[in-house]
Amino acid sequence: NCAAYYALSPRIEKAFKLFAEVDWTKAETGKMELDGKEIFANVQERALKTKEEAKMEVHDKYIDIQFLDGECEKIEYVYRENLPVKVPYVDDIVFFEDTPFHSPLILRKHDFVILYPHDGHKPGMAVDKPIPVKKIVVKTPTQDKAPCGCDKNCACAGKCCKRGFWKKFILFIICSINYYYVRYICSFLGN
């Protein structure tokens, strides 16, 4: 049912399609580039942890698409703003203090979950007892690139992209015309 999530973002669609091209039964543990450094996967084989051993985390630069190729795994998640920071941001990860306010999610074999930067998540927990599992975490950037190649929220603010400049210019003209048109109608009606 991955295709149902393509509408979320072109990057997510691309990540799912790249994921489908790989024979994960033969993939070795470690980092695997799927689309250069833009979209990559971390192949993990490890024993699941207890609730006390697992850590609540968030990533700012990448969306996680976590695929389970093991029996089952429990993930707890909570909205990020409700979490006190434990270890500040380093290398696209922030660790948070645990909180009793969370929702549990149980992944079964071949299930996946998409986690955005606002989703605090505590992955890798055992449902009953710690068992070994294989998991693939596909990382895709949170920001798509502008036509100029910069991140859409970059410092150039679209100035290096001619299409970005003209789009903003036309929007400015339309807004200006609408503003004066509304002022004229209001003055005509006596308001």
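In the predicted model, lysine 139 and aspartate 64 form a salt bridge through their side chains, with an N to O distance of 2.7 Å. Because lysine 139 belongs to strand 11 (residues 132–141) and aspartate 64 to strand 4 (residues 62–68), this pair ties together parts that lie 75 residues apart in sequence. Neither partner is exposed: lysine 139 and aspartate 64 are both buried.

Strand 11 takes part in a further ionic contact, between glutamate 73 and lysine 135, whose closest N and O atoms are 2.8 Å apart. Here, too, distant parts of the chain are linked, since glutamate 73 is placed in strand 5 (residues 72–79) and lysine 135 in strand 11, with their positions 62 residues apart in sequence. Glutamate 73 and lysine 135 are likewise buried.

A salt bridge also joins aspartate 35 to lysine 14, the separation of the closest N and O atoms being 2.8 Å. This pair connects a strand with a helix: aspartate 35 is in strand 1 (residues 30–35) and lysine 14 in helix 1 (residues 10–20), 21 residues apart. Aspartate 35 has a relative accessibility of 25% and therefore counts as partly exposed, as the value falls between the limits of 20% for buried and 50% for exposed residues. Lysine 14, with a relative accessible area of 36%, is also partly exposed. In addition to such pairs, a network of salt bridges links Lys51, Lys74 and Glu76. Over the whole structure, twelve salt bridges are found.

These contacts are set in a protein with two helices and eleven strands. From the N terminus on, the order of elements is α-β-β-β-β-β-β-β-β-β-β-β-α. Of the 191 residues in the protein, 36% are buried.

In soluble globular proteins, nonpolar side chains tend to be buried together. The largest nonpolar core of the model contains 18 residues, among which Trp24, Ile65, Phe67, Ile136 and Val138 touch the most other members. At least two residues of this core are supplied by each of helix 1, strand 2, strand 4, strand 9 (112–115) and strand 11. Helix 1 provides the largest share, with five residues. Strands 4 and 11 thus appear both among the contributors to the core and as the sites of aspartate 64 and lysine 139, respectively.

Strand 2 (residues 39–47), another contributor to the core, includes arginine 46. This residue is partly exposed, as its relative accessible area is 45%, a value under the 50% limit above which a residue counts as exposed. On the surface, arginine 46 gathers with Lys49, Lys55 and Lys86 in a patch of positive charge. Arginine 46 is also placed 5.7 Å from valine 133, C-alpha to C-alpha, although the two residues are 87 residues apart in sequence.

Other spatial approaches involve residues outside the helices and strands. Isoleucine 131 lies in the loop between strand 10 (119–125) and strand 11. With a relative accessible area of 13%, isoleucine 131 is buried, because the value is under the 20% limit. The C-alpha atom of isoleucine 131 is separated by 8.8 Å from that of cysteine 72, a residue 59 positions away along the chain. Towards the N terminus, tyrosine 5 is found in the segment before helix 1. A separation of 8.9 Å is computed between the C-alpha atoms of tyrosine 5 and phenylalanine 16, which are eleven residues apart along the chain. Tyrosine 5 is partly exposed, at 31% relative accessibility.

A backbone feature of note concerns histidine 110, a residue other than glycine with a positive phi, near 70°. Histidine 110 occupies the loop between strand 8 (103–108) and strand 9. Its relative accessibility is 57%, so histidine 110 counts as exposed.

Note on methods: Residues are numbered from 1 along each chain as its sequence is written. This is a predicted model: local features need pLDDT of at least 70, side-chain atom pairs count only at pLDDT 80 or more; totals for chains, interfaces and linings use all residues. Side-chain values use heavy atoms; hydrogens and water are left out. Patches are made of residues with over 30% relative accessible area and no salt bridge: like charges are joined within 9 Å, nonpolar side chains (Val, Leu, Ile, Met, Phe, Trp, Tyr) within 5 Å. Accessible areas come from the Shrake-Rupley method with a 1.4 Å probe; for residues, only the protein chains shown count as cover. A salt bridge is a side-chain nitrogen of Lys or Arg within 4 Å of a carboxyl oxygen of Asp or Glu. Lys and Arg count as positive and Asp and Glu as negative; His and the chain ends are not counted. The place of a charge is taken as NZ of Lys, CZ of Arg, CG of Asp or CD of Glu. Helices (H or I, at least four residues) and strands (E, at least two) are DSSP runs, numbered from the N terminus. Buried means under 20% relative accessible area, exposed over 50%, partly exposed in between (1.4 Å probe, protein chains only). A nonpolar core is a set of buried Ala, Val, Leu, Ile, Met, Phe, Trp, Tyr and Cys residues joined through side-chain atoms within 4.5 Å.
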